[in-house]
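The following exercises concern one protein model and its ligand. Please study the sequence and the structure, then work through each solution step by step.

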Amino acid sequence: MAYETIVVEHEDHVATIKLNRPDALNALNSRLLGELTQALREADANDKVRCVILTGSSKAFAAGADIKEMSQKSFVDMYLSDFFGSEHDAIARVRKPIIAAVAGYALGGGCELAMMCDFIIAADTAKFGQPEINLGVIAGIGGTQRLTRLVGKAKSMDMHLTGRFMDAQEAERAGLVSRVVPAKNLMEEAQSAAQKIAERSMLTTMAVKEAVNRAEETSLAEGIRFERRLFHALFSTEDQKEGMAAFLEKREAQFRDR
Ligand code: CO8
C-alpha cells in the first residue's frame, strides 16, 4: 500500500517504518497516525515480519501531535472523535516487537509514541520531552503514565511540569532508553537488534512481550504467576525442545514457531 506520511521498508524479516513529514518535524496528524496504525497492523499480520523498527529523521523522531491540526478543536470534537484513542489502542495491541530508533526530537506525542514501543535505542542527538504544558494541555496518549513508570515520579513530574527536554545520556541514566549510540550508527544498531530478535522463536518473543508488559499493569505476585504459566506453557512447544537440544548439541537452534 502507498503511504503519504510514512515509508515502509522490509529487509530480511524486519519491517522499518519511517515517519515522513519532514516539513513538520514528523508532527503526528490524523493521516500519519492512521497510516502508522495500518502499517503496524499489516506488519503484525505478515508472517514474514518478525520485528518492527519505528524511526523518524535525523532531526526529529516526532515533535509531537500536530499543533496546527489540534489548535481549533473543541472539547466536543476531541471527546466525540476520541482523539487518537483508537490509534493508541491499535498500536498498544501489536504483538510483534517494536523497536523505536530515535534521533533528534521526541516530544509530546512523539515521546509517547516512542514509549509505546518495546524499547528505545537513542542516537546521541536524541531529545525527549513532554512540553504540552507550554500549550495549555497535558500528554494525551500515555505520557503521564508511561514516563512515570519508566523514570519515576520525580523526573516525570519535572518533565511534565517544566516542559524541559532530556538529552540521550540523561534518558539512558533514567531508564527511558535501553542504549545510546552515535547518531551515524543508529539504524545499523537498531537493525542488528531487530535481526537478533527475528532469529528467535516468535512464540517466545511474543511471550516475553506479554509478560514484561504485564509488569506495568499488575501486582508482583500476579505478574510472577502469569510469567510462570507462560514459562510452563512454552514446554509444550517444539521450539523449546529444539532450543534446549541445540544448546546440548552445541549447534545453532532452528526455530520454526511451533
Ligand atoms: N505540530 C505542528 N507543526 C510542528 C510541530 C508540531 N508539534 N513541531 C514543529 N512543527 C513545524 C513548525 O511549525 C515548523 O513549520 P513551518 O516551517 O511551517 O513554520 C517546522 O515544523 C519546523 O519547526 P521549527 O521551525 O519550530 O524548528 P526548530 O528547530 O526551530 O524547533 C522544536 C524545533 C523545538 C521541536 C519546535 O518545533 C517545537 O517546539 N515544536 C513543538 C513541540 C511541542 O510542543 N510538542 C508537543 C505537541 S502537543 C502533543 O504532542 C500532545 C500529545 C497528546 C496527544 C498525542 C497524539 C499523538
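Two strands pair if DSSP finds at least two bridges between them. Helices (H or I, at least four residues) and strands (E, at least two) are DSSP runs, numbered from the N terminus. The model is predicted: local features need pLDDT of at least 70 and side-chain atom pairs count only at pLDDT 80 or more, while totals for chains, interfaces and linings use all residues. Residues are numbered from 1 along each chain as its sequence is written, and side-chain values use heavy atoms, with hydrogens and water left out.

**Exercise 1. Describe how strand 5 is paired and whether its residues are buried or exposed.**

Solution. Step one concerns the partners. Strand 3 (residues 51-55) runs parallel to strand 5 and is joined to it by four bridges. Within this pair, Thr55 has Ala101 as its bridge partner. Strand 7 (residues 119-123) also pairs with strand 5 in the parallel sense, over four bridges. Here Ala100 stands opposite Ile120.

Step two concerns burial. Buried means under 20% relative accessible area, exposed over 50%, and partly exposed in between (1.4 Å probe, protein chains only). Ile98, Ala100 and Val102 point one way from strand 5, Ile99 and Ala101 point the other way, and all are buried. Because five of the five residues of strand 5 (residues 98-102) are buried, the strand is largely enclosed by the rest of the structure.

**Exercise 2. Identify the residues that touch the most other members of the largest nonpolar core.**

Solution. A nonpolar core is a set of buried Ala, Val, Leu, Ile, Met, Phe, Trp, Tyr and Cys residues joined through side-chain atoms within 4.5 Å. The largest such core has 45 residues, and Phe128 and Leu176 touch the most other members. Helix 1 (residues 30-45) provides the largest share of this core, six residues. A second, separate core has 14 residues, among them Val14, Ala123, Ala194 and Ile197.

**Exercise 3. Compare the expected span of helix 9 with the distance between its end C-alpha atoms.**

Solution. The expected span is 1.5 Å times one less than the number of residues. Helix 9 (residues 186-199) has 14 residues, so it should span 20 Å; its end C-alpha atoms are 20 Å apart, which agrees. The buried residues of this helix include Leu186, Ala190, Ala194 and Ile197.

**Exercise 4. Determine which residues come nearest to the ligand and which polar contacts they make.**

Solution. A residue is near a molecule if one of its heavy atoms lies within 4 Å of it. There are 25 residues around the ligand, of which Lys59, Ala63, Ala65, Ile67 and Gly109 come nearest. Helix 2 (67-70) gives the largest share of this shell, three residues.

A polar contact is a pair of N or O atoms within 3.5 Å; within protein, one must be able to donate a hydrogen and the other to accept it, and residues adjacent in sequence count only if both atoms are side-chain atoms. A backbone N or O atom of Ala63 is 3.0 Å from a ligand nitrogen atom. For Ile67, a polar backbone atom is 2.9 Å from a nitrogen atom of the ligand. An oxygen atom of the ligand lies 2.8 Å from a backbone N or O atom of Gly109.

**Exercise 5. State where Asn26 lies and whether Asn26 is buried or exposed.**

Solution. Asn26 belongs to the loop between strand 2 (14-19) and helix 1. At 2% relative accessibility, Asn26 counts as buried. The side chain of Asn26 reaches the backbone nitrogen of Arg21 at 2.7 Å, and a polar atom of that side chain lies 3.4 Å from the backbone oxygen of Leu19.
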